[in-house]
Amino acid sequence: MLRIEGLRKSYNGMEVLKGVHLELREGETKVLMGPSGAGKSTLLKCVNLLVRPDEGRIFIDGEEVTSPKVDVVRVRQKVGFVFQEFNLFNHLTVLRNVTIGLTKVKGMSKEEALRRAREVLEAVRIGEELWGRYPAQLSGGQKQRVAIARALAMDPVLMLYDEPTSALDPQLSKEVLEVMKELSRKGVTSLVVTHELDFAMEVANSLAVMSCGLIVEEGPPSEVIRNPRSSEARRLFCRV
Amino acid sequence: MDFLLELLTALSSGLLRTVELIAISAPCGIALGALLGALSIYGGRILSSIVKLFTAILTGFPLLVTMLLIFFGLPEFGIYLGPTESALLSFVLCSGAYISQYVKGAIMSIDEGQSLAARALGMTRAQEVIYIILPQALRRAIPGISNEVIYMIQYSSLAFAIGVQEVYSISKSLNSIIFRPLEIFTALALFYLALCTLANFLFKLARRRLRVMESELP
C-alpha cells in the first residue's frame, strides 16, 4: 500500500529526513514514535506531497507519487490527513466542513455528499445536534473527530495522523483514540504519529521509532516498547 | 412645509443618481479589492508586482484627479466615457485599490493550517483561495471595507466636477437659483448622514451574523 524508499528532505541546509525507508501493507496500522524534531511530521507531509521530498521515492497503491508527472491534487485526494491542530475550516459548519471536499473536489452532488457526510459523522460519533455548529463551538475532541470525518469522507486509501491527540486533555484524547481504534480495526490503512503507547500496543501492527531523520528501530509494538534494541528507543520509552 | 416638499422633489433626481453611484461602485469596488488582494499574495512575482504598482498609483492620486484623468484623458486614447461612467470607474478603481490592502492584510492573518488542510483535501490553489481563504479574509476585512464604503459615499459628491447630476451638484444649482443655503445644505447633509448610517447598519448586521465563527464554546 505504502512504500517509502530513501526519502530525504532538507530545510535551509538542515537535513530533516536522511534516507527514510518504510513499508505499510493494506489494512495495517503503523505507529511512528520519536522525539521532537525527529522528522515524523515532515515524513507524513511528504507522503501526501504537502512537502516535496528532495530525494527518494514514495509509492502509494503501486504508483510512484513522487514522479514529476503525477498529479499532486489527485494523490492528495487518495490520502487523508489529520492534523495536530485540527485545522477545521473556521467559517464552515461541521456538516459543510465534511461536505466541501466532496462537492468541490470530488464533484459529488449535494445529496450524495450529505449522505456520505452523515455516514462518516456517525462513524466518528458526532451527533446530529452538532452538525450545524461552527468549529469554535466544539470541544477539542469533537473538533478532532470532525477532522477525522472530513478526511475519511474522501474515501482515502491511506490515513495519516499527525499527533492527533497531543493538543487534547486525557479525557478528550480518549474519545479520539476510541474512534481511531475503531477505524483501524475496520481495516483503514493508517500511519499514525503519536506518543500514545496504549494505542500502539492495542491497535498497531507495527511500531517504528524515528530519530534524527532516520527510522532506527521497527517491529511489533510490544517487542519494541518492552525490549528496545536501539539506544534512541530505550531513551524514548524510558521517558514516555 | 411646502418648501421642504419642493426641495425634496427638486433633489430627488440627484438623490437617486448618488444612490445609483454607490450601489454600483461599492460591490464592484469590493469585488475588485478582493481580487487584487488575493492576486497580491497568490499571483506570483509578476502579477503581484503589477498589483503593487496599480495600488500605489491609485492610492497616491487624489480621487478627483483620477476622475478628471479618466473623463478628460481617456478620450485622447480613443476611449469615450460619459460623466456617470467615468465617475463609476474612478470610484471602483480607487476603492478597489484601498480595499485590496485590507483584504491583503486579512489574508495574511489567516492561519496557515487552513491552507494546509485545504491542500490536504485535494483542493487546487484556486479552490483553496475561493472557498477557504477569501471567505474568512473578507469577514475579517469588514471593518476596513465598511470605512471605505462610507468614504465612497462622502466622496461621491466629487462627481459634480465632471458634470454628474448627483445630489450635491443639484443642491448647488438649486441654491444659486433660490439662495436658501441653510435649508438646502442641511437637507443635503442629512441625506449623506442617512446614507452613511444605513451603510454602517448594514455592515454591523453583516459582522454580527458572521461573528458566530469567532465565538467560544457555548
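Six residue pairs, both members at pLDDT 80 or more, make polar contacts between chain A and chain B. That is a handy place to start with this predicted model, since the interface between the chains can be described in several ways. Salt bridges, for one, add nothing here: the count between chain A and chain B is zero. The elements of chain A that give two or more residues to the side touching chain B are helix 2 (72-78), strand 6 (79-82) and helix 3 (94-105). Helix 3 of chain A supplies the largest share of that side, with four residues.

Now zoom out to the whole contact surface. On one side there are 26 residues of chain A, and they are in contact with 25 residues of chain B. The size of an interface is often given as the accessible area lost when the parts come together. For chain A and chain B that comes to about 2200 Å², with 65% of it on carbon and sulfur atoms. In chain A, the residues that lose the most area to chain B are Phe89(A), His91(A) and Lys104(A), and together they account for 27% of what that side buries.

One residue that reaches across to the other chain is Asn48(A). Its place is the loop between helix 1 (40-47) and strand 4 (55-60) of chain A. Leaving aside residues up to four places away in sequence, Asn48(A) touches Arg76(A), Val79(A), Phe81(A) and Leu160(A) from chain A, plus Ala120(B) from chain B. Is Asn48(A) buried or exposed? With a relative accessibility of 0%, Asn48(A) counts as buried, because the cut-off for that label is under 20%.

Next, the sheet in chain A. Strands of a sheet pair through backbone hydrogen bonds, either parallel or antiparallel. Here four strands of chain A form an open sheet in the order 2-1-4-5, and the pairing is antiparallel. Strand 2 (14-24) and strand 5 (63-64) of chain A stand at the edges with a single partner strand each, so each has one side without a neighbour in the sheet. Further in, strand 1 and strand 4 of chain A pair in the antiparallel sense over five bridges. If you want a register marker, Arg8(A) stands opposite Glu55(A) in strand 4 of chain A. Helix 1 of chain A lies across strand 1, strand 2 and strand 4 of chain A, and runs at about 120° to strand 1.

On to the charges. Side chains of opposite charge can pair when their charged atoms come close. How many salt bridges does a search of the whole structure find? Over all chains, the answer is 21. One of them joins Asp54(A) to Lys9(A), with the closest N and O atoms 3.6 Å apart. This pair links distant parts of the chain, 45 residues apart: Asp54(A) sits in the loop between helix 1 and strand 4 of chain A, while Lys9(A) belongs to strand 1 (residues 2-11). Their surroundings can be read from accessibility: Asp54(A) is partly exposed at 46%, whereas Lys9(A), at 12%, counts as buried.

Other salt bridges are local to a helix. Glu119(A) pairs with Arg116(A), the closest N and O atoms being 2.9 Å apart. Both residues lie in helix 4 (residues 110-123) of chain A, and because they are three residues apart they are separated by about one helical turn. Glu119(A) is partly exposed, at 46% relative accessibility. Chain B has a pair of this kind too: Glu20(B) and Arg17(B) meet in a salt bridge at 3.0 Å, N to O. They are three residues apart in helix 1 (residues 2-42) of chain B, so about one helical turn separates them. Glu20(B) is partly exposed at 35%, and Arg17(B) is partly exposed at 28%. Back in chain A, salt bridges that share partners join Arg3(A), Glu5(A), Arg57(A) and Glu64(A) into one network.

Last stop, the backbone. Most residues other than glycine have a negative phi, and most peptide bonds are trans. Asn12(A) has a positive phi of about 45° although it is not a glycine. Asn12(A) lies in the loop between strand 1 and strand 2 of chain A, and at 86% relative accessibility it counts as exposed. Phe86(A), also not a glycine, has a positive phi of about 65°. Phe86(A) is found in the loop between strand 6 and helix 3 of chain A, and at 10% relative accessibility it counts as buried.

Notes:
Residues numbered from 1 in each chain as written. Chains lettered and ligands numbered in written order. Predicted model: local features only at pLDDT ≥ 70, side-chain atom pairs only at ≥ 80, totals over all residues. Heavy atoms only, no water. Buried < 20%, exposed > 50% of the residue type's maximum accessible area, 1.4 Å probe, protein only. Contact = heavy atoms within 4.5 Å. Salt bridge = Lys/Arg side-chain N within 4 Å of Asp/Glu carboxyl O. Pairing = 2+ DSSP bridges. Axes fitted to C-alpha atoms, helices over the stretch in contact; angles between N-to-C directions. Buried area = accessible area lost by both parts, 1.4 Å probe. Polar contact = N/O pair within 3.5 Å; in protein donor to acceptor, adjacent residues only side chain to side chain.
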